[in-house]
Amino acid sequence: MIFIKKAISVNDYKDFVNFPFKLYKDSKYWVPPISNEELEMMDKTKNPVFNNAEAEYFLAFKNNEIVGRIAAIVNWVEVKEQSKNKVRFGWYDVINDIEVSKKLIEAVIDFGKERKLSFIEGPVGFSNMDKAGLLTHGFNELNTMITWYHNPYQKDHLERLEMKKLAEWVEYRIQIFNEKEAPEKVKRFSDIIMKRYNLKPLNFKKTSEIEPYLDQMFDLLNKTYNTLQTFVPIQQYQVDHYKERYLRYIHPDFIKSVVDKDGNLIAFAITMPSFSRALKKMNGKMFPFGFLRILKSQIFNKRASLYLIGVHPNYQNKGVTAILFNDLQTMFNKRGITEVETNPELIENNSIQAFWKNYESVLHKKRSTFTKEIFND
């Protein structure tokens with residue numbers, strides 16, 4: 001018999017966070033999150049997203065063992081300001097038993113019924129800045145720090161439960177050329193775009209130089225993605241939280257920006273050394289040696305991850321991305337980085353995917369959200 005329990009105690013929350021460590025313990029490709037960061041994400045006193053959201057966390061038991069987990073989330077900005085009458089679900093991990101998946105999805109639907117909402121969608125987090133999408137292709141690839149890993153059967157479970165795909169993302173692995181072989185087309189195009197629109201690159205040498213631009217970057221993200229189907233505006237208190245949480249991971253070399261003639265930020269790209277292998281070795285623990293593994297990854301690494309790109313709407317489809325990647329190419333060459341992995345890009349984001357054709361690239365992962373109507377009584 002399968003029993004669903006709502007997490008209410010500290011131990012329940014720890015069980016929720018720890019379950020994937022058991023589920024994926026033999027996987028070569030699952031990259032563990034930092035356990036304490038996961039617990040802080042669930043803590044209403046530490047995660048400011050709860051200013052405009054609520055969540056419940058469910059554990060599935062079978063024969064007195066935890067066999068699955070799921071989070072049910074409602075983002076009230078999305079519901080009230082965007083009229084998307086939606087329940088989000090995330091942190092969906094389960095053994096290969098469709099009855100367990102069924103019970104977990106039913107718990108999310110019941111959560112939605114109580115709040116008079118119309119449909120569920122997931123897996124997603126609280127907002128656009130969180131992890132999103134069920135892995136549907138690329139199961140033999142390490143996930144990145146900001147994506148989930150899933151077993152192939154989870155997609156089958158959701159499809160058998162008559163859930164339909166909604167949003168789709170793609171991820172690319174891109175080979176970085178050496179300096180001599182870098183695409184001349186990108187170099188030339190970068191110069192042309194800078195002259196045509198009177199733009200110039202902005203590079204940073206230390207973290208303190210980045211901080212004055214961070215609010216502008218998040219503002220640019222809101223402007224960049226506000227037409228996409230999954231968009232929910234990023235609130236200022238979330239911006240402050242993400243700055244505190246992620247700035248420590250970012251080396252100034254890995255942020256490239258473009259400003260106009262008046263010094264206004266019009267585009268940026270945030271990349272990082274790939275932390276996947278370091279996180280794999282850390283196995284969820286930052287102490288005692290996790291920081292050293294992160295530091296080592298920042299210095300000795302041939303692989304990078306592209307996390308965020310923001311381009312002001314007035315400059316979209318005008319080739320500004322070439323300026324960013326021309327600078328990134330130079331930095332990657334200096335650091336000996338030979339491969340970059342993009343993070344999820346919505347499948348309709350044709351302009352950035354067309355740009356990857358300038359490089360040797362492989363579409364190596366896909367992910368989707370799944371949806372189902374809620375029939376309220």
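These legends accompany several close-up views of a predicted model.

**View 1. Helix α10 has a buried face and an exposed side.**
Welcome to helix α10, which covers residues 290-299. Gly290, Ile294, Ser297 and Gln298 are buried here. Seen down the helix axis, the buried residues fall within an arc of 100 degrees, so they line one face of α10. They pack against β10 (265-273), α9 (276-282) and α11 (320-335). Turn to the other side of α10 and you meet Leu292 and Lys296, both exposed.

**View 2. A nonpolar patch lies on the surface.**
Phe289, Leu292, Leu295, Ile299 and Phe300 together make this patch of about 570 Å². Leucine 295 belongs to helix α10. With a relative accessible area of 45%, leucine 295 is partly exposed.

**View 3. The largest nonpolar core holds 33 residues.**
Look for Met145, Met217 and Tyr249, the residues that touch the most other members of this core. At least two core residues come from each of α7 (207-225), α8 (236-246), β9 (255-259), β10 and α9. The most come from α7, which gives 6 residues. Another core lies apart from this one; it has 32 residues, among them Ile176, Val258, Ala322 and Ile337.

**View 4. Tyrosine 249 and its contacts.**
Leaving aside neighbours within four places in sequence, tyrosine 249 is in contact with Ile34, Glu37, Met145, Met272, Phe275, Met286, Ile294 and Gln298. Two of these names may be familiar from the first view: Ile294 and Gln298 are buried residues of α10.

**View 5. Lysine 155 and glutamate 159 form a salt bridge.**
The closest N and O atoms of this pair are 3.2 Å apart. Both residues sit in helix α5 (residues 152-160), and because they are 4 residues apart, about one helical turn separates them. Glutamate 159 is partly exposed, at 36% relative accessible area.

**View 6. Glutamate 171 and lysine 365 form a salt bridge.**
Here the closest N and O atoms are 3.7 Å apart. The pair links distant parts of the chain: glutamate 171 is in strand β7 (residues 164-175) and lysine 365 is in strand β14 (residues 360-373), 194 residues apart. Glutamate 171 is buried, with a relative accessible area of 0%, and lysine 365 is buried too, at 1%. Salt bridges that share partners join Glu141, Glu171, Arg173, Arg303, Glu339, Glu341, Lys365 and Arg367 into one network. In the whole structure, a search finds 22 salt bridges.

How values were computed:
Residues are numbered from 1 along each chain as its sequence is written. This is a predicted model: local features need pLDDT of at least 70, side-chain atom pairs count only at pLDDT 80 or more; totals for chains, interfaces and linings use all residues. Side-chain values use heavy atoms; hydrogens and water are left out. Buried means under 20% relative accessible area, exposed over 50%, partly exposed in between (1.4 Å probe, protein chains only). The arc is that of the directions from the helix axis to the C-beta atoms. Contact means heavy atoms within 4.5 Å. Patches are made of residues with over 30% relative accessible area and no salt bridge: like charges are joined within 9 Å, nonpolar side chains (Val, Leu, Ile, Met, Phe, Trp, Tyr) within 5 Å. Accessible areas come from the Shrake-Rupley method with a 1.4 Å probe; for residues, only the protein chains shown count as cover. A salt bridge is a side-chain nitrogen of Lys or Arg within 4 Å of a carboxyl oxygen of Asp or Glu. A nonpolar core is a set of buried Ala, Val, Leu, Ile, Met, Phe, Trp, Tyr and Cys residues joined through side-chain atoms within 4.5 Å.
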